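Dear colleague,

Please find below the structure that I am passing on to you. My notes on what was found in it follow directly after.

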Amino acid sequence: MNTINTDVVIVGCGVSGLYSALNLPEHLNITIISKDKFEHSDSFLAQGGICVLRDEADYDSYFEDTMKAGHYENDTESVDIMIRSSRETVRDLTNYGVRFQKQGETFSYTREGAHSRPRILFHKDITGKEITSHLLRAVRNLPNVTMYEYMTMTDLIANGNDCLGILAETSDSSEQYKINAAVTILATGGIGGRFLHSTNYPHLTGDAITLAEKYGIETQNLDYIQIHPTTLYSTKPGRRFLISESVRGEGAVLYNKKMERFVDELLPRDMLTEKIREQMKADDMPYVWLSMAPIPKEAILGHFPNIYAHCLEEGYDVTRECIPVVPAQHYFMGGIKVDKSSHTSMNHLYAVGETACNGVHGANRLASNSLLESLVFAKRAAERIEKEL
């Protein structure tokens, strides 16, 4: 077995894992492992954008929108932390080179379901890729970080309630590794790989949750699983292609088989999913129709080029015809229970991103809060680890 000694090991290469590394002191040795390619995280797939507090007058409505979407089961302190940290986070991202859409020198904002006003920053319809690729580039330039692709965590190294690192192996199981670390950060993403229909990468199977259960690490709300109401219907196996909520935020509408509008498209995701499923049952159809006709063609090509191109590959020209959409598993609101600094119930063990549950999302995540929540609480983890080490 190969042995690696490091100060911090980070399991996962989405925005939460990368941002943790970027906010840790450069005198610490950091090891990052990724189960697949570094670019194959769900963070890369995020289309819509990232929420930001536009101004102080926006605070109450942003807070209420988040709470209402979460059925008021949210942790109010965590929600406040996320919102209050949003503008600082956006400044950090722009300093790393992230290019949010602007009109002149002013940010452009879009709106998604359950938001009372536009407050979402975006880069075309590939905001996740724009953010994650810049963070990945910055991490690769850090001299104190060593990165391994195609390496899977298989176990924790534990002594009682102290985490001492992880065990891992290469994807072909040809080599095993013992990674000794003073601090471990779990950033393994969601659980979509456990579902037949999901927008997630199939290799994201909740590995950290499995180990939390093995070691008695506290978890929370493991049954809080979000279904995204609009993914492109397909009979092909594999990941479902997301049709961003911002498409509906910009005016797209949903039709039944008689081409009649049947719902308020900007309902919270869980409520809209229920309405779509009811309509599918009434129509005896495996999908409903989404029309982007209310959106000008130039806006579709400018704001949603990736969605336009993918649908065209599948035989649909969204500027001229409706597309079939269906709900699919999308996001995990539960996870490993953490405090406001992302620390778990096991000493020297942290969890960030979709792996963790700090209570921000409650029972249902508000659109475009995921990237923000992941970044905010990853930085808070790094700040606590700096004090710990």
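In which sense do strand S13 and S14 pair, and over how many bridges? Strand S13 (residues 253–255) is antiparallel to S14, and three bridges connect the two. Please bear in mind throughout that this is a predicted model.

Strands S12 to S15

One of the bridge pairs between S13 and S14 sets Val253 opposite Ser291. Strand S14 itself covers residues 288–291, and its side chains divide into two sets: Val288 and Leu290 point one way, while Trp289 and Ser291 point the other way. All four of these residues are buried. As a general matter, side chains in a regular strand alternate between the two faces of the sheet.

S14 also pairs with strand S15 (residues 323–332), again in the antiparallel sense, through three bridges. Here Val288 stands opposite Val325. S15 is in turn joined to S12 by six bridges, and these two strands run antiparallel. Val325 appears in this pairing as well, as the bridge partner of Leu232. Val325 therefore has Val288 of S14 as one partner and Leu232 of S12 as another, by the definition of strand pairing through bridges. Strand S12 (residues 225–232) is mostly covered, with seven of its eight residues buried.

The second largest pocket and Lys236

Leu232 also takes part in the lining of the second largest pocket, together with Ser234, Lys236, Pro237, Arg239, Arg240, Phe241, His310 and Glu314. This pocket holds about 160 Å³ of space. Its lining comprises four charged, three nonpolar and two polar residues.

Lys236 belongs to the loop between S12 and helix H8 (245–249). Because its relative accessibility is 47%, Lys236 counts as partly exposed. Lys236 and Asp36 are separated by 200 residues in sequence, and their C-alpha atoms are 22 Å apart in space.

A three-stranded sheet and the cavity

A further sheet is open and consists of three strands in the order S11-S16-S18, with mixed pairing. Its edge strands are strand S11 (219–220) and strand S18 (356–357), each of which pairs on one side only. Strand S16 (residues 335–337) runs parallel to S18, and two bridges join them. Within this pairing, Lys337 has Cys357 in S18 as its bridge partner.

Cys357 is also among the residues that line the largest cavity. The other lining residues are Met333, Gly353, Ala356, Asn358, Gly359, Val360, His361, Gly362 and Glu373. A search of the whole structure finds one cavity of 30 Å³ or more, and the volume of the largest cavity is about 40 Å³. By class, five of the lining residues are polar, four are nonpolar and one is charged.

Nonpolar cores

In soluble globular proteins, nonpolar side chains tend to be buried together. In this model the largest nonpolar core contains 56 residues, and Val8, Ile50, Ile131 and Leu135 have the most contacts inside it. Helix H12 (residues 370–388) gives the most to this core, namely nine residues. A second, separate core has 27 residues, including Ile4, Met151, Tyr177 and Ile179.

Leu135 merits a closer look. With neighbours within four places in sequence left aside, Leu135 is in contact with Val15, Leu18, Tyr19, Leu22, Leu93, Tyr96 and Leu375.

Thr152

Thr152 lies in strand S8 (residues 151–159). Its relative accessibility is 17%, so Thr152 counts as buried, the cut-off being under 20%. Residues up to four places away in sequence not being counted, Thr152 touches Ile33, Lys35, Leu167, Ala168, Glu169 and Asp207.

Two residues with positive phi

His71 is not a glycine, yet its phi is positive, at about 55 degrees. It is placed in the loop between helix H3 (59–69) and helix H4 (76–84). His71 counts as partly exposed because its relative accessibility is 38%.

Ser368, likewise a residue other than glycine, has a positive phi near 70 degrees. This residue is found in the loop between S18 and H12. At 5% relative accessibility, Ser368 counts as buried.

With kind regards

Note on methods:
Residues numbered from 1 in each chain as written. Predicted model: local features only at pLDDT ≥ 70, side-chain atom pairs only at ≥ 80, totals over all residues. Heavy atoms only, no water. 1 Å grid on protein atoms, 1.4 Å probe; cavity = no way out; pocket = protein on both sides within 12 Å on 5 of 7 lines; lining within 4 Å. Points joined across faces, edges and corners; volume = space filled by probe spheres on them. Nonpolar A, V, L, I, M, F, W, Y, C, P; charged D, E, K, R; others polar. Core = buried A, V, L, I, M, F, W, Y, C linked by side-chain atoms within 4.5 Å. Buried < 20%, exposed > 50% of the residue type's maximum accessible area, 1.4 Å probe, protein only. Helix = DSSP H or I, 4+ residues; strand = E, 2+ residues; numbered from the N terminus. Contact = heavy atoms within 4.5 Å.
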